[in-house]
Amino acid sequence: MSTEKKLPNILICGTPGCGKTQHAARLKELLEFQFFNVSEIVKEKQYYESFDEVYQSYLIDEDRLLDELEGPIAEGGCVIDHHTCDFFPERFFQLVVVLRTNNDILFDRLTERGYNEIKLQENLSAEIMEVVKSSAEDSYAPEVVVELTSNTPEELEANVQRIIQWVGLYMSQDDGDDGDDDGDDVL
Ligand SMILES: Nc1ncnc2c1ncn2[C@@H]1O[C@H](COP(=O)(O)OP(=O)(O)O)[C@@H](O)[C@H]1O
Ligand SMILES: [Mg+2]
């Protein structure tokens with residue numbers, strides 16, 4: 001039996017503009033993981049069924065996307081950057097990070113990005129209504145989901161350090177931990 005523990009797979013999700021890609025970029029500098037930006041893959045490989053002109057967004061062909069991700073996920077050590085989290089199989093991720101941003105800051109970021117009024121309001125309202133957070137909580141076990149605030153560069157750096165610490169802790173945990181309470185938990 002292999003004694004090598006696989007690196008964990010991490011999903012970074014959150015309303016557009018929360019800083020997913022910035023977090024992924026910083027993590028890329030510090031972690032030897034594979035990085036996947038779902039929006040970029042979907043566009044590049046045309047893994048979409050249609051484009052919504054009003055919301056300026058693609059309707060993703062989830063099956064083709066998931067087929068592409070299966071191999072790397074099975075290897076471990078992937079960081080996936082995508083705003084939603086609900087269509088990934090639960091087994092994909094050992095950590096789901098939900099980034100959160102205050103609405104006035106998010107307004108500025110999305111305006112800067114040139115979002116139209118409908119898309120702007122849709123996303124601001126999604127953040128207020130905690131849509132991504134609720135979805136993550138509905139889709140993953142509570143111990144897998146962590147909510148992190150991403151308003152300032154200092155918070156970004158602290159979040160990145162926290163994720164790296166978590167990876168270290170995950171890798172140091174005894175593989176014999178089968179999740180039950182029979183005494184094989186070290187921590
Ligand atoms: N924690 C943060 N502090 C300051 N600026 C941030 C932070 N997170 C993101 N930004 C800025 O907000 C904008 C959107 O970030 P980005 O990572 O592209 O968001 P997402 O990938 O979630 O849509 C970028 O201009 C980025 O520099
Ligand atoms: Mg992004």
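**View 1. Helix α5 and the residue that comes after it.** After α5 comes E130, with a positive phi near 55°. This is a predicted model, in which local features need pLDDT of at least 70, side-chain atom pairs count only at pLDDT 80 or more, and totals for chains, interfaces and linings use all residues. Residues are numbered from 1 along each chain as its sequence is written, while chains are lettered from A and ligands numbered from 1 in the order in which they are written. Helices (H or I, at least four residues) and strands (E, at least two) are DSSP runs, numbered from the N terminus. At 1.5 Å a residue, the 12 residues of α5 should span 16 Å, and the end C-alpha atoms are indeed 16 Å apart; the expected span is 1.5 Å times one less than the number of residues. E130 itself sits in the loop between α5 (117-128) and α6 (131-139), and E130 isn't a glycine despite its positive phi. E130 counts as partly exposed because 15 other C-beta atoms lie within 10 Å. For burial, the C-beta atoms are placed from the backbone, and a residue is buried if 20 or more others lie within 10 Å of its own, exposed if 12 or fewer, and partly exposed in between.

**View 2. Helix α3, with a bend along the way.** The 14 residues of α3 (residues 62-75) should span 20 Å at 1.5 Å a residue, and the end C-alpha atoms agree at 20 Å apart. There's a bend of about 35° at L69, with a proline, P72, following within four residues. That bend is the angle between axes fitted to the seven residues ending there and the seven starting there. Just past α3, G76 has a positive phi of about 90°.

**View 3. The loop between α2 and β3, and on into the strand.** K45 lies in the loop between α2 (38-44) and β3 (48-52), and Q46 is in that loop too. K45 is exposed because just 12 other C-beta atoms lie within 10 Å; Q46 is exposed as well, with 11. Q46 also has a positive phi, near 55°, in a residue other than glycine. Y48 belongs to strand β3 and is partly exposed, with 17 other C-beta atoms within 10 Å. Leaving aside neighbours within four places in sequence, Y48 is in contact (C-beta atoms, placed from the backbone, within 7 Å) with V42, Y58, L59, I60 and D61.

**View 4. The buried face of α1.** Which residues of α1 are buried? They're K20, H23, A24 and L27. Seen down the axis of α1, these buried residues fall within an arc of 100°, so they line one face of the helix; the arc is that of the directions from the helix axis to the C-beta atoms. An α-helix has 3.6 residues a turn, so residues three or four places apart point the same way. The cover over the buried residues of α1 includes β1 (10-13), β2 (34-37), β5 (78-81), β6 (95-100) and α7.

**View 5. The shell around ligand 1.** Ligand 1 is surrounded by 15 residues, the closest being G19, K20, T21, Q22 and L156. The elements giving two or more residues to this shell are α1 (20-30) and α7 (153-172). A residue is near the ligand if its C-beta atom, placed from the backbone, lies within 6 Å. The shell divides into 4 nonpolar, 8 polar and 3 charged residues. Here Ala, Val, Leu, Ile, Met, Phe, Trp, Tyr, Cys and Pro count as nonpolar, Asp, Glu, Lys and Arg as charged, and the others, Gly among them, as polar.

Methods: Contact = placed C-beta atoms within 7 Å.
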